[in-house]
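Hello,

Here is the structure I promised to pass on to you. Have a look at it first, and then read my notes below.

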Amino acid sequence: MKFSSEQPRIIVVGSSSIDLVLETEKLPLPNETVLAVNSDSYFGGKGANQAVGTARLGASVYFIGCVGMDPLGQQIMRNLVSENVNVGFVHETDKESTGTAYVTTCNGNAAIVVVPAANKYLNKAHIDEADRYFHSADLVLVQLEVSIEVVEYTVKKAKKYGKKVGLYASPAMPVNEAIIENVDFIVAKSNELYIIFGEEKREEVLKKYFNKVFVRDDTNSTIYFDGTEMKYFRNDKDKTVYKMGMGDAFTSGFAIALCHGNTIEDCVKFGNEVSARVSGGKGSQTGLPKMSEFFS
């Protein structure tokens, strides 16, 4: 692994939210009521998670997103600023409240309902406002918690300037060929691959998009095809407290390693390590490591 003293410049376009987490002794079945043993709230949203994740790993990060004009939106803004994320392109809307996610978790497993709310109001004009920063960025990250039109427009703009683009294809939905062909890497969950790519088998997808599609599962394992063989790496902790946010953590670690010119294999290994660390704590952002932790 190599990490230079140069600070990568990353733009993250995506969602932000407040995650409302209920810990239970079992996940409720349909029409079943269970009691929570604890409740708490954390900062979340796949875009904000990746913005914080890459900033903690030493990147200069601009986050482009949308929050409501309410106390939750202000909390998110203050948190991003405290994490050294530039919020100059985080927009406020009075049309919806700030996004939220409702999470019921038990023994590391979770049932999640996301309310996009203000995140739905991120639009192409907001992306254009940051045009000059696309010109100077090293890499752009997108996910699928904002409209697919914004994702496609962001990818098109990034490629116009010849920039690397990473897509965390979650929450899963069909992704058109224009996006797939123009991004440099795609992170996807193993149980959602068919939603993104259709009925092709996993091996067929990985071979078709070698060194480009990285498939992950809940054991913090990542599989991909390097053009010659299937590669599989796993890095799980003895105790996984909180699986939510592991995909964002992997994407953040992979992106940073890629910006520093590492091999695909090393990018995957570093992404797995970052993801393993975040799984040891509660909250999608709480356990995100700083780069200094890897060299102490």
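Before anything else, please keep in mind that this is a predicted model. I begin with one helix, then turn to the largest pocket and the elements around it, and end with some individual residues.

**Helix α5**

On the outward side of α5, Lys-156 and Lys-160 are exposed. The other side of this helix carries Val-150, Val-151, Thr-154, Val-155, Lys-157 and Ala-158, which are buried. Looking down the axis of α5, you will find these buried residues within an arc of 165°, so they line one face of the helix. Lysine therefore turns up in both groups: Lys-157 is under the 20% relative accessible area that defines buried, while Lys-156 and Lys-160 are over the 50% that defines exposed.

What do the buried residues of α5 pack against? Their partners are the strands β1 (9–13), β8 (139–142) and β9 (164–168), together with the helices α3 (124–129), α4 (131–136) and α6 (177–182).

The length of α5 also checks out. The helix covers residues 148–160, and its 13 residues should span 18 Å at 1.5 Å a residue; the C-alpha atoms at its ends are 18 Å apart, which agrees. After α5 comes Gly-162, with a positive phi near 70°.

**The largest pocket**

The largest pocket holds about 710 Å³ of space. Its lining is made up of 33 residues, and those nearest the centre are Ile-112, Tyr-168, Lys-189, Lys-243 and Met-244. Two or more lining residues come from each of β2 (17–24), α1 (46–56), β7 (109–115), β10 (185–189), β11 (213–217) and α9 (246–259). Which element gives the most to this lining? That is β7, with four residues. Sorted by class, the lining has 13 polar residues, ten nonpolar and ten charged.

**Two helices of the pocket lining**

Both α1 and α9 give residues to that lining, and each is worth a look for its burial.

In α1, eleven of the eleven residues are buried, so the helix is largely enclosed by the rest of the structure. Among them are Lys-46 and Arg-56, as well as Asn-49, Gln-50 and Thr-54. Just beyond α1, Gly-58 has a positive phi of about 100°.

For α9, 13 of the 14 residues are buried, so this helix too is largely enclosed by the rest of the structure. Its 14 residues should span 20 Å at 1.5 Å a residue, and the end C-alpha atoms are 20 Å apart, in agreement. Just after α9, Gly-261 takes a positive phi of about 80°.

**Backbone points to check**

Some loop residues deserve a moment with the backbone displayed. Ser-170 and Pro-171 are joined by a cis peptide bond, with omega about -5°. Pro-171 sits in the loop between β9 and α6, and both of those elements are among the packing partners of the buried residues of α5.

Ala-117 has a positive phi, near 50°, although this residue is not a glycine. It lies in the loop between β7 and α3. Is Ala-117 buried or exposed? With a relative accessible area of 4%, Ala-117 is buried.

Asn-211 is another non-glycine residue with a positive phi, here near 55°. Its place is the loop between α8 (202–208) and β11. Asn-211 is partly exposed, at a relative accessible area of 27%.

**Two more residues**

Phe-89 belongs to strand β5, residues 85–93. Its relative accessibility is 11%, so Phe-89 counts as buried. Setting aside neighbours within four places in sequence, Phe-89 has contacts with Tyr-62, Phe-63, Ile-64, Gly-65, Glu-129, Ala-130 and Tyr-133. From Phe-89 to Thr-251 there are 162 residues in sequence and 22 Å in space, C-alpha to C-alpha.

Glu-229 is in the loop between β12 (221–225) and β13 (230–234). Glu-229 is partly exposed, with a relative accessible area of 41%. Between Glu-229 and Ile-127 the separation is 102 residues in sequence and 38 Å in space, again C-alpha to C-alpha.

Happy to go through any of this with you on screen.

Best wishes

Terms used:
Residues are numbered from 1 along each chain as its sequence is written. This is a predicted model: local features need pLDDT of at least 70, side-chain atom pairs count only at pLDDT 80 or more; totals for chains, interfaces and linings use all residues. Side-chain values use heavy atoms; hydrogens and water are left out. The expected span of a helix is 1.5 Å times one less than its number of residues. Buried means under 20% relative accessible area, exposed over 50%, partly exposed in between (1.4 Å probe, protein chains only). The arc is that of the directions from the helix axis to the C-beta atoms. Contact means heavy atoms within 4.5 Å. On a 1 Å grid over the protein atoms alone, a cavity is a set of points where a 1.4 Å probe fits but cannot get out, and a pocket is an open set with protein on both sides within 12 Å along at least five of seven lines; lining residues have an atom within 4 Å of a point. Grid points are joined across faces, edges and corners, and a volume is the space filled by probe spheres set on the points. Ala, Val, Leu, Ile, Met, Phe, Trp, Tyr, Cys and Pro count as nonpolar, Asp, Glu, Lys and Arg as charged, and the others, Gly among them, as polar.
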